[in-house]
Structures are given as structure tokens and as C-alpha cells.
Amino acid sequence: MKADRYLDAKGLACPMPIVQTKKAMKDMQTGEVLEVHTTDQGARSDLAAWAKSSGNELLHGSEEQGVLKFWLKKG
């Protein structure tokens with residue numbers, strides 16, 4: 001999946017992946033996609049809930065070798 005920006009949040013504990021995602025999305029234009037990589041297992045539910053409550057869209061999520069990858073579209 002093509003992303004306009006990338007955020008490496010690996011090694012960060014909750015709530016930092018969400019804090020960093022929120023900060024990155026603030027500087028993006030509507031419709032742009034942010035790819036987030038994190039090792040925080042709690043981010044799976046946290047990012048989905050945050051996207052829904054903030055008007056953004058979680059397009060896809062996957063896991064590869066312990067790294068969670070998410071694609072979020074700015075709403």
C-alpha cells in the first residue's frame with residue numbers, strides 16, 4: 001500500500017505510538033496516508049479507536065515478525 005509519510009514508532013510504549021501518530025497526522029493534508037510501524041501490541045486497538053474518534057480512517061493493519069504496520073488516511 002502506498003503511503004505519503006512513514007512513522008517509525010518501534011520500541012515506543014503506550015501511549016507514545018498514538019502521540020507520535022497524532023503529531024504526524026496534524027501536518028498532513030486530507031486524503032494523505034500515513035504508514036505507522038510499532039512494536040507496541042496495544043497499538044492494535046488504540047490506533048483503531050483513535051482513528052475512529054478523530055475522523056481519520058484506518059485503512060489496513062498487519063503484523064510481520066513482531067512489527068505491527070498500520071495505514072491511516074487523514075480525514
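Begin the tour at the hairpin of strand 3 and strand 4, where two residues lie between the strands and Gln 65 takes a positive phi near 50°. Keep in mind throughout that the model on screen is a predicted one.

**The two strands of the hairpin, and the next one over**

Select strand 3, residues 57-64, together with strand 4: the two run antiparallel and are joined by seven bridges. One pairing to pick out here is that of His 60, whose bridge partner in strand 4 is Trp 71. Now add strand 2, residues 33-38, which also runs antiparallel to strand 4 and is joined to strand 4 by six bridges. On this side, Val 33 has Lys 73 of strand 4 as its bridge partner. With strand 4 (residues 67-73) selected alone and the rest of the protein shown as a surface, is the strand mostly covered or mostly open? Strand 4 is mostly covered, since six of its seven residues are buried.

**Thr 39, across from the hairpin turn**

Go back to Gln 65 and select Thr 39 as well; the two are 26 residues apart in sequence, while their C-alpha atoms are 9.7 Å apart in space. Thr 39 sits in the loop between strand 2 and helix 2, the helix that covers 43-54. Beyond its neighbours within four places in sequence, Thr 39 is in contact with Ala 9, Lys 10, Gly 11, Gly 66 and Val 67. Zoom in on the side chain of Thr 39, which reaches the backbone nitrogen of Gly 11 at 2.8 Å. Thr 39 has a relative accessibility of 34% and therefore counts as partly exposed.

**His 37, back in strand 2**

Step back along the chain to His 37, which lies in strand 2. Why does His 37 count as buried? The reason is its relative accessible area of 9%, which falls under the 20% limit for a buried residue. Showing what surrounds His 37 brings up Tyr 6, Leu 7, Asp 8, Ala 9 and Lys 10, along with Val 67, Leu 68 and Lys 69, when residues up to four places away in sequence are not counted.

**The nonpolar core**

Next, select Met 25, Leu 34, Val 36, Leu 47, Trp 50, Phe 70 and Leu 72, which have the most contacts inside the largest nonpolar core, a set of 14 residues. Helix 1 (16-26), strand 2, helix 2 and strand 4 each supply at least two residues of this core, and the largest share, four residues, comes from helix 2. Centre the view on Phe 70, and leave out residues up to four places away in sequence: Phe 70 then touches Leu 34, Glu 35, Val 36, Thr 38, Ala 43, Arg 44, Leu 47, Leu 58, His 60 and Gly 61.

**Charged pairs**

Side chains of opposite charge can pair when their charged atoms come close. How many salt bridges does a search of the whole structure find? The search finds four, and the tour stops at some of them.

- Select Glu 64 and Lys 69, whose side chains meet in a salt bridge at 3.1 Å, N to O; Glu 64 is partly exposed at 45% relative accessibility, whereas Lys 69 counts as buried at 16%.
- Move on to Lys 10 and Asp 8, which form a salt bridge with their closest N and O atoms 3.1 Å apart; Lys 10 is partly exposed with a relative accessible area of 36%, and Asp 8 is partly exposed with 44%.
- Then take Asp 4 and Lys 2, whose side chains meet in a salt bridge at 3.5 Å, N to O; Asp 4 is partly exposed at 39% relative accessibility, while Lys 2 is exposed at 65%.

Lys 2 belongs to the segment before strand 1, which covers 5-9. Its C-alpha atom is separated by 16 Å from that of Met 25, which is 23 residues away along the chain.

**The whole protein**

Finally, zoom out to the full chain, which has two helices and four strands in the order β-α-β-α-β-β along the sequence. The C-alpha trace spans about 30 × 25 × 15 Å along its principal axes. The radius of gyration is 11 Å, which agrees with the value near 11 Å for a compact globule of 75 residues. Of the 75 residues, 36% count as buried. Among contacts with a separation of 6 or more, 65% come from residues 24 or more positions apart.

Terms used
Residues are numbered from 1 along each chain as its sequence is written. This is a predicted model: local features need pLDDT of at least 70, side-chain atom pairs count only at pLDDT 80 or more; totals for chains, interfaces and linings use all residues. Side-chain values use heavy atoms; hydrogens and water are left out. Buried means under 20% relative accessible area, exposed over 50%, partly exposed in between (1.4 Å probe, protein chains only). Two strands pair if DSSP finds at least two bridges between them. Contact means heavy atoms within 4.5 Å. A polar contact is a pair of N or O atoms within 3.5 Å; within protein, one must be able to donate a hydrogen and the other to accept it, and residues adjacent in sequence count only if both atoms are side-chain atoms. A nonpolar core is a set of buried Ala, Val, Leu, Ile, Met, Phe, Trp, Tyr and Cys residues joined through side-chain atoms within 4.5 Å. The radius of gyration is taken over C-alpha atoms; the globule rule is 2.2 Å times the number of residues to the power 0.38.
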